[in-house]
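Student: I'd like a close look at one part of this protein, with the surroundings added step by step. Could you take me through the backbone and then the space around that part?

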Amino acid sequence: MLIFWKQRFVLLAVPKTGTTAIESALGPMADAAISNPPGLKHCNVKKYRRELSPFFEQKGRRPLELVAVMREPTDWLGSWYRYRTRPALNGQPNSTAQVDFEEFVENYLADPQPDFARVGSQAHFLEGGVDHLFRYGAREALLHFLEDRFGKAITLPRLNVSPPGDVRLSRTLKDRLRRERAADFDLWSSLA
């Protein structure tokens, strides 16, 4: 999470949406940066408003706009799946090295979810709303916003990219995912 006092916005770090690259480019210009622990770096809207906004916004006297990036839900899950296949996680409960993407998504939809499929929900993360929500993959809109706020050109590197992998789903599972995680797909569609 990056806080920009002069530019009057907070960039929330929605996991698996390119925030590591954004932090790399903008971190040196931030008035405050929370990169660890992950629970604070990836602070969701409700937690920010409840716990951090009173401090950073001086109890409402200097409101800051919330900015975030959202990824298409199936692509987002694919990134999580591929990220968790990396060798560093072999043997860990959150490793996906021993399952294919279909199994990962089926377990993501299960209740309870096993550790390897427990990745949350973008709709839940963004619940309560943000002032500016950008589509992952449409960098030009985000860059335009950032360049307007900073008054200069911004270049975003590619960092923390998930390893390649097969992330195909059967039509049946795609339909089930859309049905059971409708809030994520509806939010994504609202950004069109």
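Student: Where does Lys 16 lie?

Tutor: Happy to take you there! Lys 16 is found in the loop between strand S2 and helix H1. Helices (H or I, at least four residues) and strands (E, at least two) are DSSP runs, numbered from the N terminus. Before going further, please keep in mind that this is a predicted model, where local features need pLDDT of at least 70 and side-chain atom pairs pLDDT 80 or more, while totals for chains, interfaces and linings use all residues. Residues are numbered from 1 along each chain as its sequence is written, and side-chain values use heavy atoms, without hydrogens and water.

Start with the backbone. Lys 16 has a positive phi of about 65°, although it is not a glycine. Its relative accessibility is 12%, so Lys 16 counts as buried (under 20% relative accessible area; exposed is over 50%, partly exposed in between, for a 1.4 Å probe and protein chains only). Arg 8 makes a useful companion, being another residue that is not a glycine yet has a positive phi, here about 60°. Arg 8 sits in the loop between strand S1 (2-4) and strand S2 (9-11). With a relative accessible area of 33%, Arg 8 is partly exposed, whereas Lys 16 is buried. S2 therefore borders both loops: the one with Arg 8 before the strand and the one with Lys 16 on the way to H1.

Now for the space around Lys 16. Lys 16, Thr 17, Gly 18, Thr 19 and Tyr 136 are the closest to the centre of the largest pocket, out of 30 residues that line it. On a 1 Å grid over the protein atoms alone, a pocket is an open set of points with protein on both sides within 12 Å along at least five of seven lines; a cavity is a set where a 1.4 Å probe fits but cannot get out; lining residues have an atom within 4 Å of a point. The volume of this pocket is about 540 Å³, taken as the space filled by probe spheres set on points joined across faces, edges and corners. Helix H1 (19-26), helix H4, strand S5 (132-135) and helix H7 (139-150) each provide at least two lining residues. The pocket lining is made up of 14 nonpolar, nine polar and seven charged residues (Ala, Val, Leu, Ile, Met, Phe, Trp, Tyr, Cys and Pro are nonpolar; Asp, Glu, Lys and Arg charged; the others, Gly among them, polar).

Tyr 136 has a charged partner as well: Arg 71 lies over the face of its ring, at 4.1 Å from the ring centre (the criterion is NZ of Lys or CZ of Arg within 6 Å of the centre and within 35 degrees of the ring normal). A further arginine on a ring is Arg 62, whose charged end sits over Trp 5, 4.1 Å from the centre of that ring.

Thr 19, which is among the residues closest to the pocket centre, also takes part in an enclosed space. It lines the second largest cavity together with Met 1, Leu 2, Leu 11, Leu 12, Ala 13 and Glu 23. That cavity has a volume of about 30 Å³, and its lining counts five nonpolar, one polar and one charged residues.

There are two cavities of 30 Å³ or more in the structure, and the largest one holds about 40 Å³ of space. Pro 73, Trp 76, Leu 77, Tyr 108, Leu 177, Arg 181, Asp 184 and Phe 185 surround it. H4 and helix H9 (182-190) each supply at least two of these residues, with H4 giving the most, three. Six of the lining residues are nonpolar, none polar and two charged. H4 is thus a link back to the pocket, since this helix also supplies at least two residues of the pocket lining.

Within H4 (residues 73-83), Trp 76 and Trp 80 are four residues apart, about one turn of the helix. Trp 76 and Trp 80 are both buried.

Let me finish with two other backbone features in loops. The peptide bond from Asn 36 to Pro 37 is cis, with omega near -10°, and Pro 37 is in the loop between strand S3 (32-33) and helix H2 (38-41). The bond from Asp 111 to Pro 112 is cis too, with omega near 5°. Pro 112 belongs to the loop between helix H5 (101-108) and helix H6 (122-125).
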